[in-house]
Amino acid sequence: MPRVLNLSVNTMLRNHNSDSVRRLIHRFRVLMKVLFRYIAFPLRLVHHLWRTLLRLYYDSRSIASRRRFQRIHTDGHPERVAGSSQPTMILPLSNPQPQVSPSPGPASCSSRSLLPVQAPPSSSSCVLQLSPAVPVIPQSQSSTTFEPFVPSDVMRYDKTPSINPENNKYKFIPPKTTDFLDPRQQDCGDWHACIHPEGALYFHNPTRGIYTDSNLQNEDRRCKMDSCVDEVLALTPSELQLCCDKIELVVQLAWNQKSKVRICRYYFIDHDKHLLFWLHELPTVKLFCGVQGVEKLSHIKYAVEHQYWQHCEMYPNANLPCARLLKELKEVVVHASAETVTTDVSLSPFDGDELSKILDLIGQLGENIGDTYSICVIARFMRYFVRAKFFNFCGLPAARLDADQTVYKKKKRNKLILVLSWTFNVAMFGAPQSHMEELRRVWVDRSINSPRWKNFNSKLSTEWSSITIYSTVMIAVDVSFLAVPSVSSQNSGSVPIISTYLSIFCIVGSLVVSLFLTRQNRLYGQESADTAVDFLTKMTGSAFGTKAVATVHGLPYAMLLWGMLYFMLAFSYQVFTSTPTLTLATTGSACGLVALFTLWLIYAARDFHISTRFLEWLRASICKARDPNTA
C-alpha cells in the first residue's frame, strides 16, 4: 500500500511539473511572437545602422590619421570633393612642340649636363637657351617617361618613414666642432639644399631656376636628375625656356616597379601670369577636384592659379614682388570681412574671427616683408581665396553669388525614393526634413562651406547631448513604472507591460545612437572640412543622397519620441482602465486638453505643408470638372 501511494504522488508531481513547463513554454512563445511582431523590424534597422556607422567610423579614423594641409573651404566648396564623377579633360599646350632630332645613343652620366651652364646673370631678363649643336634624346627612345603633375601631388607629406631608431652614430660630439653641416649637403654640385619654414628639405638650382623634393645628396641621383632636366628642357620651345625669376621648373623623380621605367614628373611656373604650364597633356581629374561642369578656360585658370600659389608656398622665392602681393591680399581680406559682417551667405572661406586674425597677421608682415616666411604666409592665404573663385565659377554668367545658391540644374527624382523619404520623414516626426534643411546650407553641390560646417557641428553636438540627458531620464521613468505593484502584478502580455518594454528599447536605442553620433561628430566635425567631405561623400553615395545623412542625424530624436509615445500609451491604458468614473472624467478632460494644445503647436510649427498642396490640387480639379472648356 505505501508503494502504491508513493507511485501516485510521483505521478502527480510529474504531471504538475509537465504542466508548469508547458505553461512556461507557452508564455515564452507568446513573448517571442510579440517581440517579433513589434520590434523585429526596428532591431534589424538598428543592427544595419550600427554596422554602417562602425564602418564609417573606422574609415574616418583612417582618413583623419593622415597628415594633410588644411583644405580650402568655400561657399559649399572644399578644396577636395571626393567620389564625384568628373569626366577627364586634357589641358593642351598652346605652343606646338618643336621637332627633335634623334640621338644615336643614351645620355652619358659622366657629362653631368647636356646643356651648357652659364654663369648667374646680372639681370632677370636672362634666358637659358638650348644649344642647337647638342644632341637630344626623343621620349620614344629614352628610358625615362615624362608625366606632368601639379604641386598638390608633390611627394612631401606622404613619404615613407626611413629613420632607424637603433642607429646612433654620434654618441659624443667631437671637441672644437663649430660646423654642423652634413658633408653630403655641402657637396651637391649646382644644387643647394634648402629648408622650408615647416622643416621640409628640398633642393634648388639657382642657376637654372629648378626645384625638386627628390633627395640629391647622392651623386648618382644628381646625375639622373640632371639628365632628366636636360631632356625636359630639350622639349621646351624657345619662348618658354627657363628665365631667372620668371619661368621656373619643378622636377620629381619616381620609379615604376611594374614596368621598371624611370618617371620624371614636372611642371613649369610662370610668375608673371601666376600660372603653371606643361609640355604634355595634363588630365584634369585631380586639378578640378571633383568640380563638375567646367567648360571655360577662364574658369580653369583659377584652378591652375591655385596650384601656382601652392607652389609658391612649398618653394618660396624671395624675389617675388612681396609688397604688391601683400597689398592684393589685404584688399581681398578686407572685402571678405565686409561681406561676412553684412550678410549671412558670404562666400568667404573664413569666418569673421579668422579674417580678423588674418588682418592682424598682414599688419605684422608689413614690417618684415620679403623673406621666405612671409612668402609662405601670403601664398597660403592667396591659395584659399583663389580656390574659392574656382569653386564658385567666378567670372561666368552662372557664378555662385550666395553660399546657399546651387549652380547645377536640378535632376528628376525617382518617385519611389520620394515616397520612401516622405514615409521616413512622417515616421520620424519630421526630424529628417529639419536636418535636411540645415545640411543643404552646408553641403551645397557636393561640397562644404567651412564656417557653416563648424556651426552645424556645434548645433548637432548640443542637440545630441540634450537628447542623451532626456533618454537617461526616460529610462528611469520606464523602470519605475514597471515597479508599480498594479503594473508588475499584471500578465506579461498586457498592454502596459509590452508598451513599456518597447519604450525602453526605443530609449536605449536613442541613447546609444546619440552617444555614437556625438563621438563621430568629434572625429570628423572638429578636424577639417576635407575629412567631412570624405565622410559625407560616402554617406550620400546611396540612392537617397543627402536624405540618408539627414535620417541618421534625426534617429536619436525620433527614437526618443517613440519611446515617449509608448510610455504614454502604457500609462494611459493603466489609468483609463482601472480608475473610477469621476477620476476617469477628470483625467480624460485634462488629457484631451493637453493633447489638443500639443497637436495645435505641432501643426502651427510644422515644416511641411501637405494640406496646402492637396487643397490647391482639389480646387483645380473641381474647377476643371465644372468648366471642361478651361483646359
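These notebook entries record what I looked up in the structure, which is a predicted model.

**Entry 1. Salt bridges within helices**

I began with the salt bridges, of which the structure holds eight. I looked up the pair K224 and D220, whose side chains meet at 3.4 Å, N to O. Both residues belong to helix α3, which spans residues 219-234, and because they are four residues apart there, about one helical turn separates them. I then checked how much of each partner is accessible. K224 has 31% relative accessibility and counts as partly exposed. D220 is also partly exposed, at 42%.

I next turned to helix α5, residues 297-314, where E305 and K301 lie four residues apart, about one turn of the helix. Their side chains form a salt bridge with an N to O distance of 3.3 Å. I asked whether each partner of this bridge is buried or exposed. E305 has a relative accessible area of 9%, so I recorded E305 as buried, the cut-off being under 20%. K301, at 36% relative accessibility, counts as partly exposed.

**Entry 2. A salt bridge between helices**

I then examined R383 and E313, whose side chains meet in a salt bridge of 3.1 Å, N to O. R383 lies in helix α8 (residues 372-391) and E313 in helix α5, so this pair ties together parts that are 70 residues apart in sequence. I noted that R383 and E313 are both buried. Which residues are joined with them into one network? I found that salt bridges with shared partners link E198, E313, R380 and R383.

**Entry 3. R262 and its distant neighbour in sequence**

I located R262 in strand β9, which covers residues 261-270. With a relative accessibility of 16%, R262 counts as buried, since the cut-off is under 20%. I compared the position of R262 with that of T144: the two are 118 residues apart in sequence, yet their C-alpha atoms are 4.9 Å apart in space.

**Entry 4. The packing of helix α15**

I moved on to helix α15, residues 546-576. I first took its pairing with helix α11, residues 450-482; the two axes come within 10 Å and cross at roughly 25°. That angle makes α11 roughly parallel to α15, because angles under 35 degrees are classed in this way. I recorded the crossing of α11 past α15 as left-handed.

I then took helix α10, residues 431-442, which packs against α15 at an angle of about 125°, with the axes 8 Å apart. I therefore entered α10 and α15 as oblique to each other. In this case I recorded a right-handed crossing.

**Entry 5. A nonpolar surface patch**

I finished with the surface. Which residues form the nonpolar patch? I listed F429, Y557, W562 and L565, which together have about 350 Å² of accessible area. I looked at one member, W562, in more detail. W562 is found in helix α15, the helix whose packing with α11 and α10 I had entered above. At 34% relative accessibility, W562 counts as partly exposed.

Terms used:
Residues numbered from 1 in each chain as written. Predicted model: local features only at pLDDT ≥ 70, side-chain atom pairs only at ≥ 80, totals over all residues. Heavy atoms only, no water. Patch = residues over 30% accessible without salt bridge, like charges linked within 9 Å, V, L, I, M, F, W, Y side chains within 5 Å. Areas by Shrake-Rupley, 256 points an atom, 1.4 Å probe, with all protein chains shown as cover. Salt bridge = Lys/Arg side-chain N within 4 Å of Asp/Glu carboxyl O. Helix = DSSP H or I, 4+ residues; strand = E, 2+ residues; numbered from the N terminus. Buried < 20%, exposed > 50% of the residue type's maximum accessible area, 1.4 Å probe, protein only. Axes fitted to C-alpha atoms, helices over the stretch in contact; angles between N-to-C directions. Parallel < 35°, antiparallel > 145°, perpendicular 65-115°, else oblique. Left-handed = near helix turned anticlockwise from the far one by under 90°.
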